[in-house]
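Please read the points below with the model open beside you, and look up each residue as it is named.

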Amino acid sequence: MSDLTLRFKGQKNDVVQGVNLRVRRGEVLCVVGESGCGKSVTSMAIMGLLPPNSAQISSGKMRISSDEWDLVTDRLPAELRGNKIAMIFQEPMTSLNPAFRIGNQIAEVVQRHQGGTRAASLDRAEEMLQRVGIANPGQRLREYPHQLSGGMRQRVMIAMALANEPQILIADEPTTALDVTIQAQILDLIADLRDETGMGTIMITHDLGVVAEIADTVAVMYGGQVVEQGPVEEVFRNPQHPYTIGLMSAMPRLDKPGERLAIVPGTVPTISNMPDGCRFRTRCAFATSYCSKRPSLSDIAPDHSVACHYAPLEAHVRVSA
Ligand SMILES: Nc1ncnc2c1ncn2[C@@H]1O[C@H](COP(=O)(O)OP(=O)(O)OP(=O)(O)O)[C@@H](O)[C@H]1O
(Lines give C-alpha, C1' and ligand atoms only; values in the text may rest on other atoms or scores of the structure.)
Protein backbone atom coordinates (compact mmCIF):
# COMPACT_ATOMS: atom_id res chain seq x y z
CA MET A 1 0.00 0.00 0.00
CA SER A 2 1.39 3.40 -0.79
CA ASP A 3 0.82 6.95 0.36
CA LEU A 4 -2.41 6.49 2.33
CA THR A 5 -3.73 9.81 3.62
CA LEU A 6 -7.16 10.24 5.14
CA ARG A 7 -9.14 12.30 7.58
CA PHE A 8 -12.54 12.14 9.17
CA LYS A 9 -15.11 14.75 8.26
CA GLY A 10 -15.00 17.81 10.46
CA GLN A 11 -11.33 17.32 11.40
CA LYS A 12 -8.72 19.77 10.26
CA ASN A 13 -5.85 17.29 10.25
CA ASP A 14 -5.22 13.98 8.54
CA VAL A 15 -5.62 11.03 10.88
CA VAL A 16 -3.34 8.95 8.64
CA GLN A 17 -0.69 10.74 6.59
CA GLY A 18 1.35 9.34 3.73
CA VAL A 19 1.54 5.80 5.05
CA ASN A 20 3.35 3.15 2.98
CA LEU A 21 3.29 -0.47 4.04
CA ARG A 22 4.84 -3.34 2.19
CA VAL A 23 4.69 -7.02 3.00
CA ARG A 24 6.36 -9.69 0.92
CA ARG A 25 5.18 -13.25 0.36
CA GLY A 26 5.65 -15.41 3.42
CA GLU A 27 6.51 -12.46 5.67
CA VAL A 28 4.85 -11.01 8.75
CA LEU A 29 4.88 -7.22 9.05
CA CYS A 30 3.92 -6.00 12.53
CA VAL A 31 2.48 -2.50 12.84
CA VAL A 32 3.03 -1.09 16.34
CA GLY A 33 2.30 2.19 18.08
CA GLU A 34 0.31 3.72 20.89
CA SER A 35 -3.44 3.65 20.99
CA GLY A 36 -4.97 6.11 18.55
CA CYS A 37 -1.97 6.30 16.21
CA GLY A 38 -4.03 5.12 13.25
CA LYS A 39 -3.22 1.41 13.01
CA SER A 40 -6.80 0.19 12.79
CA VAL A 41 -7.96 3.02 10.57
CA THR A 42 -5.17 2.09 8.13
CA SER A 43 -6.24 -1.54 7.97
CA MET A 44 -9.92 -0.60 7.66
CA ALA A 45 -9.01 1.69 4.76
CA ILE A 46 -7.20 -1.16 3.01
CA MET A 47 -10.22 -3.40 3.45
CA GLY A 48 -12.64 -0.69 2.30
CA LEU A 49 -14.43 -0.84 5.64
CA LEU A 50 -14.35 2.83 6.67
CA PRO A 51 -17.71 4.61 6.67
CA PRO A 52 -17.73 6.42 3.30
CA ASN A 53 -19.81 9.31 4.61
CA SER A 54 -17.30 10.23 7.33
CA ALA A 55 -13.87 9.02 6.17
CA GLN A 56 -12.28 11.03 3.38
CA ILE A 57 -9.34 9.34 1.69
CA SER A 58 -7.26 11.89 -0.22
CA SER A 59 -4.54 9.53 -1.48
CA GLY A 60 -3.62 5.87 -1.36
CA LYS A 61 -2.97 3.00 -3.71
CA MET A 62 -3.09 -0.73 -3.11
CA ARG A 63 -1.37 -3.43 -5.04
CA ILE A 64 -1.50 -7.18 -4.54
CA SER A 65 0.59 -8.92 -7.18
CA SER A 66 -0.95 -7.75 -10.46
CA ASP A 67 -4.14 -6.28 -8.95
CA GLU A 68 -4.01 -2.56 -8.32
CA TRP A 69 -6.62 -0.12 -7.20
CA ASP A 70 -6.89 3.45 -6.03
CA LEU A 71 -8.23 3.77 -2.49
CA VAL A 72 -9.55 7.26 -3.24
CA THR A 73 -11.91 6.16 -5.97
CA ASP A 74 -12.33 2.44 -5.48
CA ARG A 75 -13.19 0.13 -2.64
CA LEU A 76 -11.55 -3.25 -2.28
CA PRO A 77 -13.11 -5.19 -5.16
CA ALA A 78 -15.50 -7.83 -3.79
CA GLU A 79 -13.82 -10.52 -5.87
CA LEU A 80 -10.56 -9.91 -3.98
CA ARG A 81 -12.02 -9.71 -0.47
CA GLY A 82 -11.58 -12.99 1.32
CA ASN A 83 -9.83 -14.33 -1.71
CA LYS A 84 -6.66 -12.28 -2.18
CA ILE A 85 -6.89 -10.34 1.09
CA ALA A 86 -8.68 -11.23 4.31
CA MET A 87 -8.89 -9.68 7.75
CA ILE A 88 -9.28 -11.01 11.26
CA PHE A 89 -10.34 -8.81 14.14
CA GLN A 90 -9.79 -8.71 17.88
CA GLU A 91 -13.46 -9.50 18.38
CA PRO A 92 -14.47 -12.57 16.34
CA MET A 93 -18.16 -11.66 16.42
CA THR A 94 -17.24 -8.82 14.03
CA SER A 95 -16.90 -11.51 11.38
CA LEU A 96 -19.25 -14.23 12.61
CA ASN A 97 -22.99 -14.03 12.32
CA PRO A 98 -24.61 -15.31 15.54
CA ALA A 99 -27.65 -16.56 13.64
CA PHE A 100 -25.92 -19.09 11.37
CA ARG A 101 -24.11 -22.35 11.95
CA ILE A 102 -20.38 -21.91 11.63
CA GLY A 103 -20.07 -24.57 8.91
CA ASN A 104 -22.52 -22.69 6.71
CA GLN A 105 -20.67 -19.42 7.29
CA ILE A 106 -17.30 -20.83 6.25
CA ALA A 107 -18.83 -22.78 3.34
CA GLU A 108 -20.54 -19.63 2.12
CA VAL A 109 -17.23 -17.78 1.88
CA VAL A 110 -15.61 -20.74 0.10
CA GLN A 111 -18.43 -21.11 -2.41
CA ARG A 112 -18.54 -17.40 -3.17
CA HIS A 113 -14.94 -17.43 -4.38
CA GLN A 114 -14.33 -20.96 -5.51
CA GLY A 115 -17.75 -22.02 -6.75
CA GLY A 116 -18.21 -25.78 -6.51
CA THR A 117 -20.93 -27.67 -4.73
CA ARG A 118 -22.30 -26.99 -1.28
CA ALA A 119 -21.02 -30.38 -0.15
CA ALA A 120 -17.49 -29.60 -1.36
CA SER A 121 -17.54 -26.23 0.45
CA LEU A 122 -18.68 -27.90 3.65
CA ASP A 123 -15.84 -30.40 3.29
CA ARG A 124 -13.44 -27.51 2.93
CA ALA A 125 -14.98 -25.86 6.02
CA GLU A 126 -14.42 -29.06 8.00
CA GLU A 127 -10.84 -29.31 6.75
CA MET A 128 -10.19 -25.71 7.80
CA LEU A 129 -11.63 -26.27 11.28
CA GLN A 130 -9.32 -29.23 11.65
CA ARG A 131 -6.44 -27.13 10.34
CA VAL A 132 -6.96 -24.48 13.02
CA GLY A 133 -6.96 -27.14 15.71
CA ILE A 134 -10.64 -27.54 16.49
CA ALA A 135 -11.46 -31.03 17.75
CA ASN A 136 -14.51 -32.84 16.32
CA PRO A 137 -14.78 -30.46 13.38
CA GLY A 138 -17.65 -32.42 11.78
CA GLN A 139 -19.77 -31.80 14.85
CA ARG A 140 -18.60 -28.21 15.36
CA LEU A 141 -19.69 -27.34 11.83
CA ARG A 142 -23.29 -27.65 12.96
CA GLU A 143 -22.90 -25.39 15.98
CA TYR A 144 -23.64 -21.70 16.36
CA PRO A 145 -20.97 -19.18 17.43
CA HIS A 146 -22.42 -18.81 20.94
CA GLN A 147 -21.84 -22.52 21.58
CA LEU A 148 -18.07 -22.04 21.27
CA SER A 149 -15.52 -20.56 23.67
CA GLY A 150 -13.83 -17.24 22.83
CA GLY A 151 -10.63 -18.99 21.73
CA MET A 152 -12.57 -21.35 19.48
CA ARG A 153 -14.51 -18.49 17.92
CA GLN A 154 -11.19 -16.81 17.17
CA ARG A 155 -10.03 -20.00 15.44
CA VAL A 156 -13.25 -20.23 13.46
CA MET A 157 -12.77 -16.65 12.29
CA ILE A 158 -9.21 -17.50 11.25
CA ALA A 159 -10.45 -20.64 9.48
CA MET A 160 -12.96 -18.51 7.60
CA ALA A 161 -10.36 -15.85 6.74
CA LEU A 162 -7.90 -18.44 5.47
CA ALA A 163 -10.30 -20.83 3.74
CA ASN A 164 -9.53 -19.32 0.33
CA GLU A 165 -5.80 -19.06 0.98
CA PRO A 166 -5.53 -15.27 0.70
CA GLN A 167 -2.24 -13.76 -0.38
CA ILE A 168 -2.49 -11.15 2.37
CA LEU A 169 -3.91 -11.55 5.87
CA ILE A 170 -4.53 -8.46 7.99
CA ALA A 171 -4.78 -9.34 11.67
CA ASP A 172 -5.87 -6.50 13.97
CA GLU A 173 -4.86 -7.36 17.55
CA PRO A 174 -5.99 -10.96 16.98
CA THR A 175 -4.77 -12.24 20.32
CA THR A 176 -5.23 -9.32 22.70
CA ALA A 177 -8.43 -10.65 24.23
CA LEU A 178 -7.16 -14.20 24.64
CA ASP A 179 -5.32 -15.85 27.47
CA VAL A 180 -1.61 -16.43 27.04
CA THR A 181 -1.81 -20.12 26.08
CA ILE A 182 -4.40 -19.60 23.38
CA GLN A 183 -2.55 -16.50 22.24
CA ALA A 184 0.59 -18.57 21.69
CA GLN A 185 -1.38 -21.24 19.80
CA ILE A 186 -2.95 -18.66 17.48
CA LEU A 187 0.44 -17.08 16.74
CA ASP A 188 1.87 -20.53 15.98
CA LEU A 189 -1.06 -21.20 13.72
CA ILE A 190 -0.59 -17.97 11.78
CA ALA A 191 3.14 -18.72 11.45
CA ASP A 192 2.44 -22.26 10.22
CA LEU A 193 -0.06 -21.07 7.65
CA ARG A 194 2.31 -18.40 6.50
CA ASP A 195 5.00 -21.04 5.97
CA GLU A 196 2.60 -23.41 4.22
CA THR A 197 0.77 -21.04 1.94
CA GLY A 198 3.29 -18.20 1.60
CA MET A 199 0.71 -15.60 2.60
CA GLY A 200 1.96 -12.19 3.68
CA THR A 201 0.59 -11.02 7.04
CA ILE A 202 0.10 -7.51 8.37
CA MET A 203 -0.33 -7.82 12.12
CA ILE A 204 -1.41 -4.87 14.21
CA THR A 205 -0.37 -5.15 17.81
CA HIS A 206 0.53 -3.26 20.97
CA ASP A 207 2.58 -6.11 22.20
CA LEU A 208 6.32 -6.06 21.55
CA GLY A 209 6.51 -9.67 22.76
CA VAL A 210 4.26 -10.64 19.85
CA VAL A 211 6.44 -8.60 17.50
CA ALA A 212 9.59 -10.32 18.72
CA GLU A 213 7.97 -13.70 18.31
CA ILE A 214 6.38 -13.46 14.91
CA ALA A 215 7.50 -10.42 12.90
CA ASP A 216 9.93 -10.39 10.03
CA THR A 217 9.57 -6.64 9.61
CA VAL A 218 8.10 -3.92 11.80
CA ALA A 219 6.50 -0.54 11.08
CA VAL A 220 6.28 1.89 14.01
CA MET A 221 3.42 4.39 13.73
CA TYR A 222 3.04 7.67 15.57
CA GLY A 223 0.28 10.20 15.03
CA GLY A 224 -0.90 8.61 11.79
CA GLN A 225 2.57 8.42 10.24
CA VAL A 226 5.07 5.60 9.90
CA VAL A 227 8.15 6.88 11.73
CA GLU A 228 10.38 3.85 11.38
CA GLN A 229 10.27 0.65 9.39
CA GLY A 230 12.67 -2.22 8.90
CA PRO A 231 13.63 -5.81 9.63
CA VAL A 232 12.62 -6.66 13.17
CA GLU A 233 16.10 -7.59 14.46
CA GLU A 234 17.53 -4.39 13.03
CA VAL A 235 14.85 -2.12 14.52
CA PHE A 236 15.03 -3.82 17.92
CA ARG A 237 18.81 -3.77 17.97
CA ASN A 238 19.32 -0.36 16.48
CA PRO A 239 16.18 1.80 16.83
CA GLN A 240 16.73 5.23 15.33
CA HIS A 241 13.60 7.31 15.65
CA PRO A 242 13.38 8.96 19.10
CA TYR A 243 9.85 7.55 19.47
CA THR A 244 11.00 4.00 18.69
CA ILE A 245 13.94 4.45 21.07
CA GLY A 246 11.45 5.49 23.77
CA LEU A 247 9.31 2.42 23.13
CA MET A 248 12.30 0.13 23.19
CA SER A 249 14.00 1.68 26.20
CA ALA A 250 11.74 -0.21 28.53
CA MET A 251 11.63 -3.03 26.04
CA PRO A 252 10.00 -6.12 27.51
CA ARG A 253 12.37 -9.00 27.56
CA LEU A 254 11.83 -11.48 24.78
CA ASP A 255 11.20 -14.17 27.35
CA LYS A 256 8.26 -12.20 28.75
CA PRO A 257 5.64 -12.02 26.03
CA GLY A 258 2.45 -10.21 26.89
CA GLU A 259 4.07 -7.00 28.08
CA ARG A 260 2.73 -3.90 26.44
CA LEU A 261 4.51 -0.96 24.94
CA ALA A 262 6.51 1.20 27.29
CA ILE A 263 5.03 4.54 28.15
CA VAL A 264 6.83 7.35 26.38
CA PRO A 265 6.64 10.56 28.47
CA GLY A 266 3.82 12.89 27.45
CA THR A 267 0.64 12.07 25.58
CA VAL A 268 -0.22 11.86 21.92
CA PRO A 269 -1.78 15.16 20.86
CA THR A 270 -5.35 14.87 19.64
CA ILE A 271 -5.80 15.01 15.89
CA SER A 272 -6.95 18.62 16.03
CA ASN A 273 -3.78 19.56 17.99
CA MET A 274 -1.28 17.64 15.87
CA PRO A 275 1.78 19.80 15.21
CA ASP A 276 2.89 20.43 11.64
CA GLY A 277 6.00 18.70 10.41
CA CYS A 278 7.21 15.88 12.61
CA ARG A 279 4.21 14.95 14.71
CA PHE A 280 6.43 13.60 17.50
CA ARG A 281 8.28 16.86 18.00
CA THR A 282 6.12 18.03 20.92
CA ARG A 283 7.29 14.98 22.89
CA CYS A 284 10.78 14.65 21.51
CA ALA A 285 13.72 15.61 23.70
CA PHE A 286 15.81 16.40 20.62
CA ALA A 287 13.37 18.46 18.57
CA THR A 288 14.58 21.69 17.02
CA SER A 289 12.76 24.34 15.05
CA TYR A 290 13.78 22.43 11.93
CA CYS A 291 11.36 19.67 12.94
CA SER A 292 8.40 21.84 11.94
CA LYS A 293 9.31 20.65 8.47
CA ARG A 294 7.97 17.14 7.90
CA PRO A 295 10.76 14.55 7.70
CA SER A 296 10.40 11.96 4.98
CA LEU A 297 10.94 8.30 5.61
CA SER A 298 14.52 7.77 4.41
CA ASP A 299 16.76 4.72 4.30
CA ILE A 300 19.53 4.66 6.87
CA ALA A 301 20.45 1.05 6.10
CA PRO A 302 19.17 -1.47 3.55
CA ASP A 303 15.41 -1.79 4.14
CA HIS A 304 15.64 0.26 7.37
CA SER A 305 14.00 3.66 7.05
CA VAL A 306 13.40 6.42 9.57
CA ALA A 307 11.42 9.66 9.45
CA CYS A 308 13.68 11.93 11.50
CA HIS A 309 15.85 14.80 10.33
CA TYR A 310 18.51 13.71 12.78
CA ALA A 311 18.70 10.01 11.96
CA PRO A 312 20.97 8.19 12.30
CA LEU A 313 21.25 9.55 15.81
CA GLU A 314 24.63 9.83 17.43
CA ALA A 315 25.23 7.10 19.98
CA HIS A 316 25.40 9.51 22.94
CA VAL A 317 22.00 10.92 21.98
CA ARG A 318 20.50 7.48 21.82
CA VAL A 319 21.77 6.59 25.26
CA SER A 320 20.06 9.61 26.78
CA ALA A 321 16.81 9.28 24.79
N1 LIG B 1 -15.21 6.66 12.60
C2 LIG B 1 -14.36 7.57 13.15
N3 LIG B 1 -14.68 8.88 13.19
C4 LIG B 1 -13.82 9.80 13.71
N5 LIG B 1 -12.60 9.50 14.23
C6 LIG B 1 -12.24 8.20 14.23
C7 LIG B 1 -13.10 7.16 13.68
N8 LIG B 1 -12.44 5.97 13.81
C9 LIG B 1 -11.26 6.26 14.40
N10 LIG B 1 -11.13 7.59 14.64
C11 LIG B 1 -9.97 8.25 15.25
O12 LIG B 1 -8.83 7.93 14.46
C13 LIG B 1 -7.68 7.87 15.29
C14 LIG B 1 -6.93 6.60 15.01
O15 LIG B 1 -7.69 5.48 15.51
P16 LIG B 1 -7.25 3.97 15.36
O17 LIG B 1 -8.37 3.14 15.90
O18 LIG B 1 -6.79 3.69 13.98
O19 LIG B 1 -6.02 3.89 16.34
P20 LIG B 1 -5.20 2.60 16.76
O21 LIG B 1 -3.79 2.95 16.60
O22 LIG B 1 -5.69 1.40 16.01
O23 LIG B 1 -5.57 2.49 18.28
P24 LIG B 1 -5.88 1.19 19.16
O25 LIG B 1 -4.56 0.53 19.31
O26 LIG B 1 -6.41 1.74 20.42
O27 LIG B 1 -6.87 0.36 18.39
C28 LIG B 1 -8.15 8.00 16.71
O29 LIG B 1 -7.91 9.33 17.12
C30 LIG B 1 -9.64 7.72 16.62
O31 LIG B 1 -10.33 8.43 17.61
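**Notes on the predicted model**

1. Once its neighbours within four places in sequence are left aside, L21 is in contact with M1, L29, I202 and A219. Please keep in mind while checking this that the model is a predicted one. L21 itself belongs to the loop that runs between strand 2 (16-19) and strand 3 (28-32).

2. Is L21 buried or exposed? It is buried, because 20 other C-beta atoms lie within 10 Å, and a residue counts as buried when that number is 20 or more. A further distance to check is the one from L21 to L4, which lie 17 residues apart along the chain and whose C-alpha atoms are separated by 9.2 Å.

3. The largest nonpolar core has 86 residues, and those with the most contacts inside it are L29, C30, I106, A159, A161, A163 and V220. Helix 5 gives the most to this core, contributing 8 residues. For V220, when neighbours within four places in sequence are again left aside, the contacts are V32, G33, V226, V227, E228, H241, Y243 and T244.

4. Helix 5 (residues 150-162) deserves a separate look, since its 13 residues should span 18 Å at 1.5 Å a residue, and its end C-alpha atoms are indeed 18 Å apart, which agrees. The helix is mostly covered, with 11 of its 13 residues buried, and these include G151, M152, Q154 and R155, as well as A159 and A161.

5. What do the buried residues of helix 5 pack against? Their partners are two strands and three helices, namely strand 6 (85-88) and strand 7 (168-172) together with helix 2 (102-114), helix 3 (118-131) and helix 6 (180-197).

6. Around the ligand there are 14 residues, of which F8, S35, K39, S40 and V41 come nearest. Helix 1 (residues 39-47) gives the most to this shell, with 3 residues. By character, the residues of the shell divide into 6 nonpolar, 7 polar and 1 charged.

7. Finally, strand 4 (residues 55-64) and strand 5 (residues 67-70) pair in the antiparallel sense over 4 bridges, and the bridge partner of M62 is W69, which lies in strand 5. The hairpin formed by strand 4 and strand 5 has 2 residues between the strands, and in this hairpin S65 takes a positive phi near 40 degrees.

Definitions and conventions
Residues numbered from 1 in each chain as written. Predicted model: local features only at pLDDT ≥ 70, side-chain atom pairs only at ≥ 80, totals over all residues. Near = placed C-beta within 6 Å. Nonpolar A, V, L, I, M, F, W, Y, C, P; charged D, E, K, R; others polar. Expected span 1.5 Å × (residues − 1). Buried ≥ 20, exposed ≤ 12 C-beta atoms within 10 Å, placed from the backbone. Contact = placed C-beta atoms within 7 Å. Core = buried A, V, L, I, M, F, W, Y, C linked by C-beta atoms within 7 Å. Pairing = 2+ DSSP bridges.
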